[in-house]
Amino acid sequence: MVLTKLEVLNNNIGQFFSKTWLAIGIICIISFIIRLYFINFEIPLESQDAFHYLIQAIDIEKYGVGNVIPAYYGWQYLLSFFIFLDPFDELIEYMNLTRVLAVIFSVATIPIIYKIGRNFLDKKF
């Protein structure tokens, strides 16, 4: 049986709006709200590593990537892109940008991990 493009698209849309994906969407929204609620935007970054990554990202944005080893600076490159899009005056604003981006990317991994798990595990799990 040959499916037309419209039937395939209809099937994919039906799978996207299934109860499972609706539940994952609700989990993502609740997770995002809870994580943003518990972030303290008043204090500097708690981790020295996070602060170091932020400083490197600011350096990449200001001075370019000439002195940076590309294999170890993925998060810094990503941060520098967002710093380029929206430059701030205060360092605390960059720290808050780092926090919000970390929350967004951590919530975005929820459906990805679900999809990978579904591919490797049976339905009974």
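This is a short talk on how the helices of one protein chain pack in a predicted model.

Let me start with the whole chain. It has five helices and zero strands. Read along the sequence, the pattern is α-α-α-α-α. The chain has 125 residues, and buried residues make up 20% of them. The exposed surface comes to about 9800 Å². Carbon and sulfur atoms supply 66% of that area.

Now contacts along the chain. Take the contacts with a separation of 6 or more. Of these, 65% join residues 24 or more positions apart.

I will spend the rest of the talk on helix α3 and two of its partners. Helix α3 covers residues 48-63. Helix α4 covers residues 74-85. Helix α5 covers residues 91-120.

First, α3 against α4. How do the two axes cross? They come within 8 Å, at roughly 60°. Roughly perpendicular would need 65 to 115 degrees. So α3 is oblique to α4. The crossing is right-handed.

Which residues make that contact? From α3, they are Tyr 53, Leu 54, Gln 56, Ala 57, Ile 58, Ile 60 and Glu 61. From α4, they are Trp 75, Gln 76, Tyr 77, Leu 79, Ser 80, Ile 83 and Phe 84. Sort them by class and you get 10 nonpolar, three polar and one charged.

Two residues from this contact deserve a closer look. Take Ser 80, on the α4 side. Is Ser 80 buried or exposed? Its relative accessible area is 9%, and the cut-off for buried is under 20%, so Ser 80 is buried. What does Ser 80 touch, leaving out residues up to four places away in sequence? The answer is Ala 57, Ile 60 and Glu 61. Those three are on the α3 side of the contact.

Next, Ile 60, in α3. Ile 60 has 8% relative accessibility, so this residue counts as buried too. Look also at Ile 60 and Gln 76. They are 16 residues apart along the chain. Their C-alpha atoms are separated by 7.7 Å. Both residues belong to the contact of α3 with α4.

Second, α3 against α5. Here the axes are 11 Å apart, and the packing angle is about 110°. That angle falls in the 65 to 115 range, so α3 and α5 are roughly perpendicular to each other.

Who meets whom? On α3, we have Phe 51, Leu 54, Ile 55 and Ile 58. On α5, we have Leu 91, Tyr 94, Met 95 and Thr 98. By class, that is seven nonpolar, one polar and no charged residues.

Notice Leu 54 and Ile 58. They are listed in the contact with α4. They are listed in the contact with α5 as well.

Let me finish on Leu 91, which sits in α5. How accessible is Leu 91? The figure is 33% relative accessibility, between the 20% and 50% limits, so Leu 91 counts as partly exposed. Set aside its neighbours within four places in sequence, and Leu 91 is in contact with Phe 51, Leu 54, Ile 55 and Ile 58. Those are the α3 residues I just named for this contact. Now pair Leu 91 with Ile 55. They are 36 residues apart along the chain, and 9.4 Å separates their C-alpha atoms.

To recap: α3 is oblique to α4, and α3 is roughly perpendicular to α5.

Notes:
Residues numbered from 1 in each chain as written. Predicted model: local features only at pLDDT ≥ 70, side-chain atom pairs only at ≥ 80, totals over all residues. Heavy atoms only, no water. Axes fitted to C-alpha atoms, helices over the stretch in contact; angles between N-to-C directions. Helix = DSSP H or I, 4+ residues; strand = E, 2+ residues; numbered from the N terminus. Parallel < 35°, antiparallel > 145°, perpendicular 65-115°, else oblique. Left-handed = near helix turned anticlockwise from the far one by under 90°. Contact = heavy atoms within 4.5 Å. Nonpolar A, V, L, I, M, F, W, Y, C, P; charged D, E, K, R; others polar. Buried < 20%, exposed > 50% of the residue type's maximum accessible area, 1.4 Å probe, protein only. Areas by Shrake-Rupley, 256 points an atom, 1.4 Å probe, with all protein chains shown as cover.
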